[in-house]
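Colleague: I should like to go through one sheet of this model with you. Please show the structure first.

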Amino acid sequence: MASKPDPVDALLRSGPRRTHLPEPAERARLRTDYGLTQSEIAAALDVTRATVAGWEAGRSEPQGATRAAYAKLLEGIATQLAAAPEPRTACAAQDAQAAAAPPERSTSPAVPENPAAMPPPARTPPSAPRRPAATRPATREPADTAVAVDPRFANGPLAVLDGDGSAYCVGGLVLDCPATTIPALVEWALTEAQLGAPRLNRNGKDADPLVVITAAAAERLGLPAALEDRRGLRLPEDHKVNKQIARANWKTTRRGFGPWARVYRPAQAGRRQCVQFAIVPWGALDARAWGAAAGLPAAELAQVLGEYATRVITPRGSCAVSGLELMTALRPPTRAVKDAATGAWSSGPNPGSLTTPVDPAPPEAPDEHPVVAALYPRGHRRTPDEVLDEEAYEWIRDPELLTDEECAKPYAVGIDVNMAFAAAANRLNVGLGPAAHIHNPAFDPKLPGSWLVDLSHIEIDPRLPNPFTPHGVRPDGPAWYATPTVAYAVELGHRVQPEQAYVRREHGPYLDSWYSRLRDAYMATMERLGVVSGMGEAEFLAAMDRHKQVDAGQAAVLSAIKSTVKGGIGKLRERPQGLGYRPGERWPALERPTWRPDIRAAVISAARINMHRKMLKLAGVGLFPVAVLSDCAVYLSDGPSPLDFLPRTPEDKPLPGGFRLGVSPGMVKCEGSQPMMWAVQLLDQGHNPARHIKGSDASADGE
């Protein structure tokens, strides 16, 4: 009689009935290390994102065929991660070189004080096989402070591509990029490279990857060394690169493929497919904003751009464009809104943001605007009672008003306000919606807008610029002013009675977060350059004398931050561009919510008034400027330093309410010093000493 089979053996022969899965924490780690989102896992397994989140948190377990598929996916991820080679880093390259070299004695520190000054990492020879982009090495540190890294963007916000296929990222990481065409480079940037940056606001969008193309990389990709179209600054439509992009079903924006190009496909399942390019040999990094950054080696350029991206925003164009994009990134126009009745989510306006494009009031509009074309004949020159003229100071004192005591002083010293326009934007109440036109209103300093009022009766010492005009000359009748200017007239003790006003009932401190981020970026960069808050005044001046020589890379970041402030404010009133434009037509910039000339006017008005308020304080103790240009004032002095003329209290403190030396926005630094006779000669010739006080043209230097 046959023996009865062992039931235990029978169960074992049937094989496992429940597929093994890693622990919940390990599931999440594998996914993030591989660069996947929960939504991507959910789409592949035909479940919801919340279900995947439950598996990774241990709240639930997959069953049946779904469990088997999930286990297969995780096993495949683990296998690929285990087989992936380590990415090259600057440190690894230097370690390899050190191991091959004979030992030598050195007193140098093991880690340089300035990471940006490190020599570029060794590159893989062109004959070596290319390796795919790998995950972030465990030893890599962020550019500034230790922060949580989004696994989707493990390799940072950008890469600088060199001619041998090396892609230099932030922190010394180097990736191998096998792409030799723009479409292949786009695919690489969106898949293997793990580039990008998380959104700055929960209602905003993640930053697209930025690939910076050096001259050598441009040649490798088939791009010309220079653009023939110097007006349009774009590749011809029939260029082979544009044809490659079209054949691969990618698109470029209306600006085409130029110094700052964007290549994209429509978003799928809410996921953007877009890569930003900066072509260095085509002038993407303007020297007026970025200093000598365009000439840096690829590894150093990656560090410079990466620190700007970390502190400010991933560059998306000129610094002016980036300044405007930062406003939108910090205060997005829309947010997700849930319908209480249906439970469905849709896009709705975001309170406190600029949500829709609005036309300016007629006095706020530039001459080319359709609003102006509808009111005046072509070529009409608007008078102060027809146009808002809030601009920065450009004023010189009449040389006849110089006193004998002033002429006896041997020096002219310029002092410059740090981040003047950013400081003016701080806590500034600006309009968010369209303007309402009212007649004979009572002035309300809390209402942002434009006011038609006569301030010509207000007496100002002629040794000071008049605060109500950018040229510093007394107004001769009614004129349009932004709210900060009229509020200053009231502050000086004068009665004002506007004839008309365009006011915005919906308002708020829209620029506060913009100011805060740029202030923090500026202060962090100055600290890297050896200038910190709390320094003594003499120590501060000495540090400022040498700060640009401390680190060329950080100096480039500083220049870009300052250009972002000024350019971003200027971009609020972008004028029409291109040969095809005809006066009176609309232009593309008008269709964005951030085309707001009234906000630009308010910021400039506030900056000019802040400047005058401090000059008035110094005038109270007998000190008057001889010239003012924007945020720089020139005073005659007994010595070549601001410490030789800035007034002090009996307790040896800076005069309250006056100019104070220091690094913070709104405080001042020394702009330059020249002989007194040099300044007087310029005044006699009608030139502004503030423009040349540091030995060059301030506007040409981006000041």
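Colleague: How many bridges join strand β19 to strand β20?

Modeller: In this predicted model, β19 covers residues 627–629 and β20 covers residues 632–637. The two strands run antiparallel, and the number of bridges joining them is three.

Colleague: Which residue of β20 stands opposite Leu-629?

Modeller: Leu-629 belongs to the stretch 627–629 that forms β19. Its counterpart in β20 is Cys-632.

Colleague: Which strands stand at the edges of the sheet?

Modeller: The sheet is open and has five strands in the order β11-β19-β20-β12-β21, paired antiparallel. An edge strand has a single partner, so one of its sides is left without a neighbour in the sheet. This applies to residues 394–396 and 668–675, which are β11 and β21.

Colleague: By what angle are neighbouring strands of this sheet turned against each other on average?

Modeller: The strands concerned are neighbours in the order β11-β19-β20-β12-β21. With direction ignored, the average turn between them is 20°.

Colleague: Which helix lies across β11, β12, β20 and β21?

Modeller: Two helices may be considered here. Helix α20, residues 597–619, lies across β12, β19 and β20, at about 15° to β20. The helix that lies across β11, β12, β20 and β21 spans residues 676–684 and runs at about 90° to β21; this is α21.

Colleague: What percentage of the protein's residues count as buried?

Modeller: The protein contains 22 helices and 21 strands. A residue counts as buried when its relative accessible area is under 20%. Of the 703 residues, the share that meets this cut-off is 48%.

Methods. Residues are numbered from 1 along each chain as its sequence is written. This is a predicted model: local features need pLDDT of at least 70, side-chain atom pairs count only at pLDDT 80 or more; totals for chains, interfaces and linings use all residues. Side-chain values use heavy atoms; hydrogens and water are left out. Two strands pair if DSSP finds at least two bridges between them. Helices (H or I, at least four residues) and strands (E, at least two) are DSSP runs, numbered from the N terminus. Axes are lines fitted to C-alpha atoms, for helices over the stretch in contact, and angles run from 0 to 180 degrees between N-to-C directions. Contact means heavy atoms within 4.5 Å. Buried means under 20% relative accessible area, exposed over 50%, partly exposed in between (1.4 Å probe, protein chains only).
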